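Colleague: Could you walk me through this model and tell me what stands behind the words you use for it?
Modeller: Happy to; here it is.

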Amino acid sequence: MPRFSERAVCLPSTEVPTHEYLLEGQGEAGRTGILLVHGLTGTPNEMRVLARGLNNQGYTVLAVQLAGHCGTLQDLVGTSWLDWLCSVRRGADVLARRVDRVFVGGLSMGAVLALALAQERPKQIAGVLALSPVFRHDGWSMPCYTKLSFLLPVFRWLGIGRHSVFFERAPYGIKDEALRSRVVAKMRAGDSVASGLPGNPWWSVIEMRKLSASVLRRMEALSVPCLVVHAKNDDIASVSNAFDIVSRARFAEVHLHLLNNSYHMITIDRERRQVIDRAVAFVAAVVGRNQHTGLDHVR
C-alpha cells in the first residue's frame, strides 16, 4: 500500500476547524459516513447542497475545512498539499469513529485529495466520489499564462511570487448566471468563508501540482469503486482530467458520468440535483453489494 510522506504535522482529531459541519444520519443508512472535501481556495460551503442531499437519504456527512482555507491569502500560502491531506485524514478518522463505513468525495482539488486518501487507506475507504477532478487548470476559460504553470517551481526556488495570484475569469465555474452573480459578489466583498478566495496563489498552485503528480503516479493503487462526475464543457478543468482517472485506475471499478449543462462547480450549478442522485445511487449500490458479499469495510 502506498504511503505519503508523514512530514506534515496533522492536527489532533479533537481540533475541529470553525467552518466544518457534521450532519448526523438516521437509521441503518446513518451507519454509512460520507466525507466531503472542498477545492483549492474554496470552502465547505460549496459542498453544502450535496451534503444536505446525501443527509436527506439518511447518510452521516462531514464536510471538512482544509488547512489554510476560509481565511486570508497568507493563511493559504503558509500551507502545503500535505497539510491539506492531513485535514482529510483527520476528517476520515473523526467520521470513522461514528459509522461502520466511510466514503470520501471531493470537488475540484478536493476530488484529488479524496483519491489520495483512498489510495493510502484502501481498508478504511469504501468508495470515492470524484467531482470535477482537476489535475490541471486546462479549461477553456483559464488565462493563457496558466499553461506556463510548470515554471512556477522555478519562481518559488528564486523566491519570486509568494504574493502573486492568478485570477479565474468569467464564468468562474458556474453556468447559472443568477447564482454566479451572487457568488462573485461575495468573493469581491472578501467573504472567504461563504465563497472562498477570488484568486489562486502561485505558491498554492505549486502545491496542487505536487498533489496531482503524486496521485496520478499512484492511480494504479486505487482499488475501491469510484464515481467520476465531470461537466463536458468544464471551464476550469477539461474533461481530460476525468479520463485520466478512467484510463489509469486499472484495478478499480470506475463509473464516469458526464454533465451537459454545467461548468466546473457541479455541486451548486444547474445539474446539482443530478449530481446528488448519482452520488446517492453509487453509495447505495456499493454498500448493498458489500453487505451482500460480506466484504463491508470496517473502522
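**Strands, cores and a surface patch**

Modeller: Let me start with strand E8, which is covered on both faces: Cys226, Val228 and His230 lie on one side, Leu227, Val229 and Ala231 on the other, and all are buried. This is a predicted model, in which local features need pLDDT of at least 70 and side-chain atom pairs count only at pLDDT 80 or more, while totals for chains, interfaces and linings use all residues. Residues are numbered from 1 along each chain as its sequence is written, and side-chain values use heavy atoms, with hydrogens and water left out.

Colleague: What makes E8 a strand, and what makes its residues buried?
Modeller: Helices (H or I, at least four residues) and strands (E, at least two) are DSSP runs, numbered from the N terminus. E8 spans residues 226–231. Buried means under 20% relative accessible area, exposed means over 50%, and partly exposed lies in between (1.4 Å probe, protein chains only). Six of the six residues in E8 are buried. Across the protein, buried residues make up 56% of the 299 residues.

Colleague: Why is strand E4 called largely enclosed by the rest of the structure?
Modeller: Because seven of the seven residues of E4 (residues 101–107) are buried. Arg101, Phe103, Gly105 and Leu107 point one way, and Val102, Val104 and Gly106 the other way.

Colleague: How do you know that E4 pairs with E5?
Modeller: Two strands pair if DSSP finds at least two bridges between them. E4 and E5 (residues 125–131) have six, in the parallel sense, so the definition is met. One of the bridges links Leu107 with Leu131 in E5. Strand E2 (residues 32–37) also pairs with E4 in the parallel sense over six bridges, and Ile34 has Phe103 as its bridge partner. On the E8 side, four bridges join E5 to E8, running parallel, with Leu131 partnered by Val229. E8 and E9 then pair in the parallel sense over six bridges, and Val229 stands opposite His257.

Colleague: Why is Tyr263 called buried or exposed?
Modeller: Buried, because its relative accessible area is 12%, and the cut-off is under 20%. Tyr263 is found in the loop between strand E9 (254–259) and helix H10 (272–293). Not counting residues up to four places away in sequence, Tyr263 touches residues including Trp140, Pro171, Ile174 and Asp269; contact means heavy atoms within 4.5 Å. Tyr263 and Ile174 are 89 residues apart in sequence, yet 5.4 Å apart in space, C-alpha to C-alpha.

Colleague: What makes a nonpolar core?
Modeller: It is a set of buried Ala, Val, Leu, Ile, Met, Phe, Trp, Tyr and Cys residues joined through side-chain atoms within 4.5 Å. The largest has 48 residues, and Leu222 is among those that touch the most other members. A second, separate core of 33 residues includes Val61 and Ile268.

Colleague: And why is Phe243 called partly exposed?
Modeller: Because its relative accessible area is 40%, which falls between 20% and 50%. Phe243 sits in helix H9 (residues 240–248). With Val246 and Leu256, Phe243 forms a nonpolar surface patch of about 230 Å² of accessible area together.

Methods:
Patches are made of residues with over 30% relative accessible area and no salt bridge: like charges are joined within 9 Å, nonpolar side chains (Val, Leu, Ile, Met, Phe, Trp, Tyr) within 5 Å. Accessible areas come from the Shrake-Rupley method with a 1.4 Å probe; for residues, only the protein chains shown count as cover. A salt bridge is a side-chain nitrogen of Lys or Arg within 4 Å of a carboxyl oxygen of Asp or Glu.
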